[in-house]
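Please look over the model shown here, which the paragraphs below walk through one region at a time.

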Amino acid sequence: MTSTVPGLSRPGKIIALHLNYPSRAAQRGRTPAQPSYFLKPPTSVAASGDPLPRPAGTELLGFEGEIALVIGEPARHVTPENGWSFVSGVTAANDFGLYDLRYADKGANLRSKGGDGFTPLGPAVLPAGSVDPAALRVRTWVNGELVQEDTTADLLFDFGRLVADLSQLITLEPGDVILTGTPAGASVVEPGDVVEVEVDTVDGNGHSTGRLVTPITEGTVHFGSFGARPRIDARQRAEAYGEAGFVLTEELKAKLASVGTATLSAQLRKRGYNEVSIDGVTSTRPGTKLIGRAKTLRYIPFREDLFRAHGGGYNAQKRAFDALEPGDVLVMEARGETGTGTVGDILALRAQVRGAAGIVTDGGVRDVDAVAALDIPTYHSGAHPAVLGRRHVPWDTDITIACGGASVQPGDVIAGDADGVLVIPPHLADEIADAAIEQERQEAFIAEQVAEGEGVEGLYPMNAEWQGRYAAWLAKR
């Protein structure tokens, strides 16, 4: 590995952070109050270009693009204010891990993340004195497609604090490496894939580590019978693929799609959720039911200098559409501002081609006739011919947003029809679906009785007598 720090190919210690990016914390459904860490062995280090065999008999080899700090001088009992001064440089890292073995670690991550080659570093180290630690960017590509991108502007724990926190009990020595966490977008790779990670500066001055390249190959040596063997459950598979422990299965989609949002809303209200409707939007395809997982995009109010810096090129809006996966619903926060478009026909078509389930914006839509002609449903607050830069700056993705008066987190379940759009917390989705199906079954019985001339007193809602009649009616179906 090309490095300005001697010995980086075999650090003394590799200390990795669990969660640090708000986007990843939102994806995981938890935000830690304090940093927590685990150790990776020095033998896990690999150089750019080194192949990484996925161990034979395993399935869930996860990648995590990260920024690595290289310690330049001994640090013990330092303060957060001067912690950064003990860092000599930063480089790109990939914190690979096997979800198949997480159960065996009980939080230690030694087996799941400590394998040979599981910590590629490099290819170059940026001197700490040449960069602003709050203005770095990390990006990850899989087979040439950008899958992770975030900056250090709003980390949960800044780099100086990490150095200080660790130094309270541990002497950090020259050449030690701290892995500082991964943003949203980490997922699973397979043999034949190529993963690349790059760290650069957001000011466009050209400082870059270059791309850290890791080809994934198929391992040939199986685990022996004398230790923990690979094992996968639904939760590990979901977390490996970045689904925060919840999978919106086809079965659950079908159940949610079989009932109306009015019924789902009633069930959410029974459980105390009264502010989960995205208000003020109408659908380009009101006859099409929308069910999917939320991906998020936030616009901020237009400002000339900010739009010049963030509005052009491959901006957050374009990245959000390019990152959509089958079944995703892109939900956009536009502050209810309808005086310009937040999506047009080209990007809506891109979402459809990517297999997204729908688009929801509390802002305007351009090219509304062309957007309405697409198969993908787009919920919006009105048509407007103006371009994005009139009122908005595309700002960030994969964060908690507000859309139409509702809070939306990445991974929330989105349900829409002609009545409107709802945000369903994932942990309630199964329960809500089953209860809504039962509610509509009861309402079908009630409607049948009303059609036959029965009055609604005691029937709607059903008293004990009608409950008994309903049970008999149900038994015959």
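Two strands are said to pair if DSSP finds at least two bridges between them, and the strands themselves (E, at least two residues), like the helices (H or I, at least four residues), are DSSP runs numbered from the N terminus. This is a predicted model, in which local features need pLDDT of at least 70 and side-chain atom pairs count only at pLDDT 80 or more, whereas totals for chains, interfaces and linings use all residues. Residues are numbered from 1 along each chain as its sequence is written, and side-chain values use heavy atoms, with hydrogens and water left out.

With those terms in hand, strand S10 (residues 136-142) is joined by seven bridges to strand S14 (residues 194-201), and the two run antiparallel. Within this pairing, Leu136 has Thr201 of S14 as its bridge partner, and Arg137 stands opposite Asp200 in S14. S10 is also joined to S11 by six bridges, again in an antiparallel arrangement, with Glu145 of S11 as the bridge partner of Val142. The hairpin of S10 and S11 has two residues between the strands, and Asn143 takes a positive phi near 55 degrees there.

These pairings belong to an open sheet of five strands with mixed pairing, in the order S4-S15-S14-S10-S11. Strand S4 (52-54) and strand S11 (145-151) stand at the edges, and because each has a single partner strand, one side of each is left without a neighbour in the sheet.

How many residues of S10 are buried, that is, under 20% relative accessible area (exposed being over 50% and partly exposed in between, with a 1.4 Å probe and protein chains only)? Seven of the seven are, so S10 is largely enclosed by the rest of the structure. Leu136, Val138, Thr140 and Val142 point one way from the strand, while Arg137, Arg139 and Trp141 point the other way, and all are buried.

S10 also contributes to the largest nonpolar core, a nonpolar core being a set of buried Ala, Val, Leu, Ile, Met, Phe, Trp, Tyr and Cys residues joined through side-chain atoms within 4.5 Å. This core has 30 residues, and those with the most contacts inside it are Ile67, Leu69, Trp84, Phe159, Val163 and Leu172. Two or more residues come from each of strand S1 (14-17), strand S6 (65-71), strand S7 (87-94), S10, helix H4 (159-167) and S14, with H4 giving the most, five residues. In soluble globular proteins, nonpolar side chains tend to be buried together.

Elsewhere, Val450 is found in helix H12 (residues 429-451) and is partly exposed, with a relative accessible area of 38%.
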